[in-house]
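I have opened my notebook and will jot down what I look up, one topic at a time. Come along and keep the structure in view.

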Amino acid sequence: EFPWFGKIDPVGFFAGSQHALQQAVSASRGRAEGELVSSLALRSMKRAVYREKNCGHYGLASATYCHFTSPIRRYPDLMVHRMLKVALFGRTGETSGLESALARIADHASTAERTAEEAARESQELKLFELLEQRIGDEVDGMISGVMAQGFFVRLADTCEGFVSLRDTGEYFVLDAAR
């Protein structure tokens, strides 16, 4: 039972309203299920992509959004700085060329970021496997983070997540997907 969930607009939540989603994450923050709610909310969203025009931010429920950090860290951040310079001081020959290439630059940056994320994920998985290899046979607490007809996913406190097949449990369950 999640009494805090009663504060959230159920129609908006199930319709995918950014505001209702944001309310659910905020209401669950600091609670035992908070990390799980946040993780599931992130999974439910489409992957972010860079664009040449402002399209807002779905997860923040904001009509306008511009993310940047240090221009020495990422090329998209450098492009944001350059376009801010155009807005403040006007166009030059160099910046006009960049503006016309923004769609291609944004697409390339999105693709490159996905490649980097995949490499990081594979590296982290390898290290996690090495760590967990030392704990084979240990009993640990976990939280069910997803359910399918064939089994369920369990997330451990160290953010490790894995699938448990119903065949391996020796138990019999029936999934009621509507509930």
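Here are my entries on salt bridges, a surface patch, a pocket and a few single residues. I note at the start that the model is predicted.

**Entry 1: salt bridges**

I began with the charged side chains. Side chains of opposite charge can pair when their charged atoms come close. How many salt bridges does the count come to? I found 4 salt bridges, and I looked up three pairs.

My first pair was Arg-91 and Glu-99, whose side chains meet in a salt bridge with an N to O distance of 2.6 Å. Is Arg-91 buried or exposed? Arg-91 has 59% relative accessibility, and exposed means over 50%, so Arg-91 counts as exposed. Glu-99 has 26% relative accessibility and counts as partly exposed.

Next I turned to Glu-118 and Arg-121, which form a salt bridge at 3.3 Å, N to O. Where do Glu-118 and Arg-121 lie? I found both in helix 6, which covers residues 102–133. They are 3 residues apart, about one turn of the helix. I wrote down a relative accessible area of 35% for Glu-118, which is partly exposed. Arg-121 is partly exposed too, at 39%.

My third pair was Lys-127 and Glu-130, with 3.3 Å between the closest N and O atoms of their salt bridge. Both lie in helix 6, and again I counted 3 residues from one to the other, about one turn of the helix. Lys-127 counts as exposed at 53% relative accessibility, whereas Glu-130 is partly exposed at 38%.

**Entry 2: a nonpolar patch**

Which residues make the nonpolar surface patch of about 270 Å²? I listed Ile-144, Val-147 and Leu-175. I then looked up Ile-144, which is found in strand 1, residues 142–148. Its relative accessible area is 48%, and partly exposed runs from 20% to 50%, so Ile-144 is partly exposed.

From Ile-144 I went on to Phe-163. The C-alpha atoms of Phe-163 and Ile-144 are 9.7 Å apart, with their places 19 residues apart along the chain. Phe-163 is found in strand 3, residues 161–165. I noted 39% relative accessibility for Phe-163, which counts as partly exposed. What does Phe-163 contact, leaving aside its neighbours within four places in sequence? My list reads Met-148, Gln-150, Gly-151, Phe-152 and Phe-153.

**Entry 3: the second largest pocket**

I wrote down a volume of about 970 Å³ for the second largest pocket. Which elements give two or more residues to its lining? They are helix 2 (18–28), helix 3 (34–44), strand 1 and strand 2 (151–156). The lining has 32 residues, and those nearest the centre of the pocket are Leu-36, Leu-40, Ser-145, Gly-146 and Val-147. I recognised Val-147 from the nonpolar patch.

I picked Ser-145 for a closer look. Ser-145 lies in strand 1. Is Ser-145 buried or exposed? Its relative accessible area is 6%, and buried means under 20%, so Ser-145 is buried. Beyond its neighbours within four places in sequence, Ser-145 is in contact with Leu-36, Leu-40, Arg-43, Phe-153, Val-154, Arg-155 and Glu-161. Among these, Leu-36 and Leu-40 are also on my list of residues nearest the pocket centre.

**Entry 4: Met-83**

Where is Met-83 found? I located Met-83 in helix 4, residues 75–89. At 18% relative accessibility, Met-83 counts as buried, because the limit for buried is under 20%. Setting aside neighbours within four places in sequence, I found Met-83 in contact with Thr-95, Leu-98, Glu-99 and Leu-102. Glu-99 is one I had met before, in the salt bridge with Arg-91. I also looked up Met-83 and Ser-96, which are 13 residues apart in sequence and 9.8 Å apart in space, C-alpha to C-alpha.

**Entry 5: Gly-56**

I ended with a residue in a loop. Gly-56 has its place in the loop between helix 3 and helix 4. Which residues does Gly-56 contact, apart from its neighbours within four places in sequence? They are Ser-62, Ala-63, Thr-64 and Tyr-65. My last note is on Gly-56 and Ile-136: they are 80 residues apart in sequence, and their C-alpha atoms are 45 Å apart in space.

Definitions and conventions: Residues numbered from 1 in each chain as written. Predicted model: local features only at pLDDT ≥ 70, side-chain atom pairs only at ≥ 80, totals over all residues. Heavy atoms only, no water. Buried < 20%, exposed > 50% of the residue type's maximum accessible area, 1.4 Å probe, protein only. Helix = DSSP H or I, 4+ residues; strand = E, 2+ residues; numbered from the N terminus. Patch = residues over 30% accessible without salt bridge, like charges linked within 9 Å, V, L, I, M, F, W, Y side chains within 5 Å. Areas by Shrake-Rupley, 256 points an atom, 1.4 Å probe, with all protein chains shown as cover. Contact = heavy atoms within 4.5 Å. 1 Å grid on protein atoms, 1.4 Å probe; cavity = no way out; pocket = protein on both sides within 12 Å on 5 of 7 lines; lining within 4 Å. Points joined across faces, edges and corners; volume = space filled by probe spheres on them.
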